[in-house]
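Visitor: Please take a close look at the salt bridges in this model. Which side chains take part, and how are they linked?

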Amino acid sequence: TIAPALITGTRMLSRMLPGDDSADSPAPAIPVGRRGRPEEIADMALAMLTNPYLTSKVITVDGGIYPT
């Protein structure tokens, strides 16, 4: 399972944060300093699909916003 945080260009984000939905907009609460991009989630999905040894995991793709 992939657990993304704030990803640009999604309906969910546009409802939560109306206005500037750019990945490059400053997001000081996120340690990497920006929101995620859809292709970053797709990259993780591809990595998970191509690794047959990975099982029963929840992978967070969140730029460090949620400490583990």
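Guide: What follows covers the salt bridges and then one loop residue.

This is a predicted model, in which local features need pLDDT of at least 70, side-chain atom pairs count only at pLDDT 80 or more, and totals for chains, interfaces and linings use all residues. Residues are numbered from 1 along each chain as its sequence is written, and side-chain values use heavy atoms, with hydrogens and water left out.

Side chains of opposite charge can pair when their charged atoms come close. A salt bridge here is a side-chain nitrogen of Lys or Arg within 4 Å of a carboxyl oxygen of Asp or Glu. By this rule there are two salt bridges. In one, Arg 34 pairs with Glu 40, at 2.6 Å from N to O. In the other, Glu 40 pairs with Arg 37, at 4.0 Å from N to O. Through shared partners, these salt bridges join Arg 34, Arg 37 and Glu 40 into one network.

For accessibility, buried means under 20% relative accessible area, exposed over 50%, and partly exposed in between (1.4 Å probe, protein chains only). Glu 40 is partly exposed because its relative accessibility is 27%. Arg 34 has a relative accessible area of 23%, so Arg 34 is partly exposed. Arg 37, at 24%, is partly exposed.

The loop residue is Ser 56, between helix H2 (38-49) and strand E2 (59-61). Helices (H or I, at least four residues) and strands (E, at least two) are DSSP runs, numbered from the N terminus. Ser 56 is not a glycine, yet has a positive phi of about 50°. With a relative accessible area of 77%, Ser 56 is exposed.
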